[in-house]
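Here is a walk through one chain, beginning with a single detail and then widening to the whole. Please keep the sequence and the structure in view while reading.

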Amino acid sequence: MMMNINTLLSDATTHATSILKYLHKNAWTIVFIIAGCYFFYNEAIDPMIQKYQAARSYKEAIDPNRVAVLSPDMKRVRALQQEAAAIRATEAEEERKKKVKSEKERKRVKSPEEERWDKLGGVGNALGDR
């Protein structure tokens with residue numbers, strides 16, 4: 001039994017030594033083969049995989065069965081978006097009208113009567129109030 005373990009260990013070290021000698025002898029060849037495989041993968045194989053996946057995704061996206069299932073949901077969501085856009089447009093129009101009105105009021109030249117009325121704080125008798 002002891003003899004078998006020693007032979008096994010010596011065989012393992014012999015194999016490890018021979019592998020290391022092979023690696024030392026062919027190191028640059030191995031490096032160039034690995035680099036070539038890497039660049040070939042990046043330049044040829046990976047683009048083909050990406051193209052295949054994009055085509056498959058597009059095919060699944062336009063599948064009539066899938067589109068038929070998603071169509072009512074899409075219409076519902078678009079209707080909600082349209083309502084929200086209409087509300088925002090109405091609010092924006094009201095805000096714009098308020099801004100235009102306040103700008104007009106700010107730019108308007110007041111008559112001397114109006115200036116006196118404002119100085120009094122809007123208190124007093126207006127003509128025709130008696």
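**From a bend to the whole chain**

At Leu70, helix H3 bends by about 40°, and a proline, Pro72, follows within four residues. The model shown is a predicted one.

H3 covers residues 64–107, which makes 44 residues. What span should a helix of 44 residues have at 1.5 Å a residue? The expected value is 64 Å, and the end C-alpha atoms of H3 lie 61 Å apart, so the two agree.

Helix H2 can be read in the same manner. It takes in residues 27–61, a run of 35 residues. At 1.5 Å a residue H2 should span 51 Å; its end C-alpha atoms are 48 Å apart, and therefore expectation and model agree. H2 also has a bend, of about 40°, located at Tyr41.

These two helices belong to a chain that has four helices and zero strands. Along the sequence the pattern reads α-α-α-α.

The overall dimensions come next. The C-alpha trace spans about 135 × 45 × 40 Å along its principal axes. For a compact globule of 130 residues, a radius of gyration near 14 Å would be expected, but this chain has 43 Å.

How much of the chain is buried? Of its 130 residues, 1% count as buried, where buried means under 20% relative accessible area. The chain exposes about 12500 Å², and carbon and sulfur atoms supply 63% of that area.

Charge completes the picture. There are 23 positive and 18 negative side chains, and the centres of the two sets are 3 Å apart.

Key:
Residues are numbered from 1 along each chain as its sequence is written. This is a predicted model: local features need pLDDT of at least 70, side-chain atom pairs count only at pLDDT 80 or more; totals for chains, interfaces and linings use all residues. Side-chain values use heavy atoms; hydrogens and water are left out. The radius of gyration is taken over C-alpha atoms; the globule rule is 2.2 Å times the number of residues to the power 0.38. Buried means under 20% relative accessible area, exposed over 50%, partly exposed in between (1.4 Å probe, protein chains only). Accessible areas come from the Shrake-Rupley method with a 1.4 Å probe; for residues, only the protein chains shown count as cover. Lys and Arg count as positive and Asp and Glu as negative; His and the chain ends are not counted. The place of a charge is taken as NZ of Lys, CZ of Arg, CG of Asp or CD of Glu. The expected span of a helix is 1.5 Å times one less than its number of residues. The bend at a residue is the angle between axes fitted to the seven residues ending there and the seven starting there.
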